Structure formats: structure tokens, C-alpha cells
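Hi there,

Here is the structure I promised to pass on to you. Please open it next to this email and follow along.

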Amino acid sequence: MGRPVDLYLPIAEMSVNALVIVALGGLVGFLSGMFGVGGGFLTTPLLIFYGIPPAIAVASSATQVTGSSVSGALSYFRRGQVDLKMGAVLVAGGFIGSVAGSFLFHWLKSLGQVDVTIGLVYVLFLGGVGSLMLKEALGTIRQMRSGEAPRRKARRHHPLVAALPMKMRFPRSGVYISPLAPLLVGAGVGVLTVIMGVGGGFIMVPAMLYLLGMAAGVVVGTSLFQIVFVTAVATLLHASQSQTVDILLAILLLVGGVVGAQFGARAAQNLPPERLRLFLALLVLAVAVRLAIGLAWTPKELFSIQTALS
Amino acid sequence: MKALLLLIALLLAPAALAQPRLVTDLSQSRIDISYRFAGAELLIFGAIQYPGGRAPADPPGIAVVLRGPAEPATVRKKARVAGIWINTQSMRFESTPGYYAVATTRPIGDLLDERNAAIYEIGLGNLQLSPATAADPQFTSHFEQGLVSLRQREGLFVEQPYGVQVTDKVLYRARLPIPSAVPVGNYQAEIYLIGNGEVRARSTTPVIIDKSGFERGIYVFAHEHSFLYGLAAVAIALGMGVLAGVLLRRRSA
């Protein structure tokens with residue numbers, strides 16, 4: 001029998017150091033508490049680096065995001081910062097996207113291209129979003145240094161969104177747009193949730209602000225609302241289709257994450273917001289670069305084995 | 001009638017006695033994977049019974065094999081395409097043991113002729129993996145080697161050329177390492193007595209490796225009631241999240 005910290009994961013079928021997994025959850029929780037993001041985009045790659053099979057890392061990370069987002073979603077809801085109508089449309093889109101994503105996932109698995117696709121999608125999205133965030137954060141800091149008042153951009157939704165038919169009023173978000181636009185945003189994020197094990201807030205929040213032109217006050221709450229539902233659906237899909245949800249792994253991550261988020265939120269209070277955004281951008285870019293190197297570097301092992309269980 | 005039976009027995013006895021026999025026991029016939037499981041070691045030991053109790057002059061050759069359940073597997077190989085490494089070639093094998101360990105008194109090549117090694121599948125190079133994809137022998141053996149070396153690195157395939165100790169030409173024992181990632185199922189411990197490059201006697205003993213208690217409960221729940229398992233996972237995650245939120249709000253308030 002192993003050391004006291006060794007824990008055998010029943011679904012991943014391997015023994016892990018429970019303290020390392022809790023610490024990993026704590027680190028992600030700290031960063032997510034600090035930056036107000038779900039942190040799924042960090043959990044999945046870190047679990048894969050640790051040696052957890054990718055399919056199990058993705059599924060269990062989605063379960064963990066459900067748990068780590070729900071209390072935030074509730075507190076935004078109590079403060080009236082959730083647009084339920086918009087949220088319902090996003091969730092509906094998320095359902096469609098996650099089912100489509102799960103078919104896509106199985107198709108890729110049968111081709112043997114899951115791992116490389118997860119890697120590429122991560123590099124693409126994290127690289128893109130990270131660069132945009134970095135540009136924005138540096139711009140704000142430069143403006144503040146030069147004493148210039150930050151220019152307020154007029155809040156307008158994207159012209160492509162305006163072209164869609166069947167417009168509807170979303171009073172909470174302060175927009176009059178076709179529900180097809182948030183449905184598509186929700187569906188896109190749903191696909192990512194199933195394939196990457198992320199909540200997708202890092203995509204959804206910018207999409208809501210710049211694509212849909214929603215009021216800033218309801219963006220984070222509504223995004224969390226969608227994340228709770230869609231990651232729950234992703235967990236159900238992974239559990240019933242491929243039995244890849246390791247509840248023990250998710251619990252370990254949550255235990256660490258809950259504690260870490262506390263410290264992260266406190267640390268954030270001592271840092272100016274533009275600095276925080278700059279650090280988050282650098283963090284996201286660092287993960288993207290690490291994954292890109294992983295894709296391009298000659299792997300130690302050229303062969304891989306897929307059995308019915310893996 | 002009795003006389004006839006006695007006669008038959010007398011006729012058969014020398015033939016039966018001319019062959020040595022193997023007696024085998026294991027440190028455990030069942031390995032339970034509990035939440036504390038981080039790998040194990042199986043001790044396989046026993047004795048050689050020689051006809052008339054006389055051991056031959058040469059030291060006996062022994063091969064101890066522990067074989068896990070076989071299942072189909074697809075082996076994929078990566079190649080660089082447009083700067084990144086992706087799976088390009090693949091090969092399917094119908095029967096690959098999830099675990100295979102062999103310990104011998106001497107290297108397999110010195111112990112056993114090729115024909116016997118292939119018949120009894122003794123040695124990592126002698127596994128019958130049953131390739132399902134029609135391909136030229138070179139391609140097939142390249143992928144077979146890929147599978148074997150990967151599983152070796154994972155500790156799932158083990159070859160110990162001097163892993164069997166023999167005491168007084170009669171008692172033998174071998175310790176086989178079992179990693180934490182071992183697949184569950186019905187295993188077989190096979191012991192071979194080898195002389196002049198051929199198998200003289202063999203014995204097989206079943207071993208069961210299975211999850212137990214809590215681990216088994218979760219695994220069975222996840223596989224047999226997968227939708228309910230998913231609902232339970234969501235409920236636990238939501239419960240922990242809400243609870244944490246309530247506790248932390250109380251602390252900060």
C-alpha cells in the first residue's frame with residue numbers, strides 16, 4: 001500500500017498524490033478568485049501535464065467548474081446582476097452546442113485526434129484571447145501613465161449581429177437583438193465546454209461585451225449562470241456517453257479550489273484592476289505558449305495506445 | 001477387474017513419474033484495489049517435484065508469467081505535419097494483454113528455443129497480438145514494438161531475465177511488480193519448467209485483480225447507471241459550491 005497521500009482514482013484507474021491535486025485545485029482557485037474567471041482553461045492542461053488521461057481531465061474539469069461557478073452565480077443573481085432571459089437563450093444554445101460537441105468529441109476520438117485537437121483549440125483560443133487582453137491592458141496602463149482619460153467606447157453590438165432577423169428586447173442587458181446571436185454564442189461556448197472542459201467565460205464575456213453589446217453590469221453574472229448549466233450538461237454527457245467523469249478527482253479539485261478562491265479574492269483587493277488584467281493576460285498567454293511548444297516539440301513517445309476503456 | 005486396474009496403473013506409473021511436476025502458490029490469489037492502492041507486488045513461489053525425487057545435474061530453467069485479460073487496442077503513431085505532431089498511422093490489434101510480466105532464471109533466448117517461446121508466448125517478443133489490419137510484416141512489427149515499449153515504460157509489460165530464484169534446484173520464487181494503473185480482471189500465473197530449450201512441465205493458477213469497496217462501488221455505479229452517476233456528480237459539485245459560498249459569506253460577514 002502507498003503513502004498516506006496516495007489516492008486511487010476509480011475512473012481514471014490510477015493512483016495520484018491527493019495533496020498535489022488539491023494544491024493544483026488551490027492554485028487554479030487562487031487565480032480564479034483573483035481574476036474572476038472559472039479557471040477550467042488552467043485545470044484541464046495542468047491535469048494532463050500531471051498524467052491524467054485527457055478525456056478524464058476534460059470531463060472532470062467540467063464537473064469542477066460547475067461547483068466553482070455556482071456560488072458566484074448565486075451571489076450575482078441575488079444582486080440582480082443576471083439577465084435571466086438572455087441567460088435562458090445562452091443556456092439553450094449551450095445545450096445544442098454541448099450535444100454537438102460531444103458528437104464531435106467521439107468522432108475525433110475514433111480518428112485518434114482528440115489530444116491534438118484539444119491542444120490546437122486551446123492554443124488558438126488562449127493565444128487569441130490572451131493577446132487581445134494584453135493589448136487592452138497595456139493600452140489602459142499607457143493611457144493612465146500619460147494622464148489621459150480613458151476613452152469610452154460607445155457600446156454597440158456588432159454589425160453582423162444587427163443583420164440577424166427576429167429581433168427581441170432584452171431589457172436587463174439593454175439590447176434589442178435577434179436571439180439567434182446569443183444562441184450561437186452559447187452554442188459555440190457549449191462546444192468548447194464539452195471538448196476543453198472549460199466554462200468558457202474567457203470567450204463568453206468578451207463576446208457578450210463586444211459582439212452582443214450587453215450592459216457591463218450583467219455580463220459576468222449572466223455568463224456564470226450559463227456556465228453552471230452548460231458544465232452540468234457536459235458532465236451528464238461525459239458521464240453517460242464515455243464514463244469519463246471521475247468524481248473523486250473533481251472533489252479534490254473543488255476542495256482546493258474553494259480555499260484558493262478565498263485567498264485569490266483577498267489578494268485581488270490589493271492590486272489595481274488594470275494590473276490584474278495584465279497578469280491574467282500574461283498567464284493565459286503563458287499557458288498558450290506552453291501548449292504550443294507541446295504540440296511542436298518532438299514528443300518523447302511517438303506511439304499511443306487506445307483501448308475500449310481509454 | 002481390480003487386477004486389471006492395478007495392471008494399468010503399473011503400466012502408466014513410470015510414464016507419469018518420468019515427468020517432473022510443478023507445485024505453485026501465490027502470496028495472494030486476489031489483489032484488491034482500494035482507495036489506498038498504489039501498486040503491489042505479487043510473490044509467486046513453489047517447488048519442482050522430480051520423478052523419484054532425484055534432481056537432474058543441470059540447474060532447472062523456470063519461466064514465470066503473469067498475464068492479464070486481453071482486449072483489442074489501436075496503436076497510433078505520431079508524425080510531424082505542418083510543424084505539429086499528430087497521429088498519422090495506426091494499427092489495430094485484436095488481442096493485447098493489459099498486463100504481462102515474465103520472469104525467468106536466465107535470458108529467454110538462452111533458455112528456450114524460438115518455437116517453444118512462441119507457442120507458450122513466453123517473453124515480450126513472443127506475444128501473439130493478432131494484428132487486425134492487413135499490413136506488411138515490417139510495418140506490423142514496428143507497431144508491435146511500439147506497443148510493447150510503451151507498455152513497458154508504463155510498467156504494464158515487465159521482463160525480468162534473472163527474476164526467478166531457484167534454491168537447491170527445487171524451490172523457485174519470483175516477485176512481479178504490479179503498477180497502480182493495472183487493468184482489472186482475471187489474471188493467470190503460468191509457471192513453466194524448461195529443459196533443453198523445451199517446456200517440460202507447466203502449471204497455471206488464477207489471480208483476480210479487482211477494485212474493492214468504495215472504489216468498486218463508484219466504478220460500478222459510473223458504468224451501470226451512468227446517467228444517475230452524472231446527476232450525482234453534478235449534485236455533489238453544486239452542493240460543495242453552494243456550501244462553500246455560504247460558509248465563506250458567513251466568515252466575511
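Below is what was found in it, beginning with how to read the labels.

This is a predicted model, in which local features need pLDDT of at least 70 and side-chain atom pairs count only at pLDDT 80 or more, while totals for chains, interfaces and linings use all residues. Residues are numbered from 1 along each chain as its sequence is written, and chains are lettered from A and ligands numbered from 1 in the order in which they are written.

Let's start where the two chains meet. Chain A and chain B each put 46 residues into their contact (two residues are in contact if their C-beta atoms, placed from the backbone, lie within 7 Å). On the chain A side, α3(A) gives the largest share, 9 residues. Helices (H or I, at least four residues) and strands (E, at least two) are DSSP runs, numbered from the N terminus. By class, that side of chain A has 25 nonpolar, 18 polar and 3 charged residues; Ala, Val, Leu, Ile, Met, Phe, Trp, Tyr, Cys and Pro count as nonpolar, Asp, Glu, Lys and Arg as charged, and the others, Gly among them, as polar.

A strand pairing also joins the chains: β5(A) runs antiparallel to β5 (residues 70–81) of chain B over 5 bridges (strands pair if DSSP finds at least two bridges between them). Within it, Ile305(A) has Val75(B) as its bridge partner.

Now look at chain B by itself. Its domain assignment, which is automatic or from a database, gives domain 1 (18–211) and domain 2 (212–253). The centres of these domains of chain B, taken over C-alpha atoms, are 40 Å apart. Their contact takes 6 residues from each domain.

Next, find helix α5 (residues 213–224) of chain B. Which of its residues are buried? They include Glu215(B), Ile218(B) and Ala222(B), where buried means 20 or more other C-beta atoms within 10 Å of a residue's own, exposed 12 or fewer, and partly exposed in between, with C-beta atoms placed from the backbone. These three cover an arc of only 70° around the axis, so they sit on the same side of α5(B); the arc is that of the directions from the helix axis to the C-beta atoms. Gly213(B), Gly217(B) and Glu224(B) are exposed on the face turned away from that buried side.

Finally, visit the loop between β9 (164–167) and β10 (171–178) of chain B, where Asp168(B) lies. Phi of Asp168(B) is near 55°, a positive value in a residue other than glycine. Asp168(B) counts as exposed because it has 8 C-beta neighbours inside 10 Å.

Enjoy exploring!

Definitions and conventions. Expected span 1.5 Å × (residues − 1).
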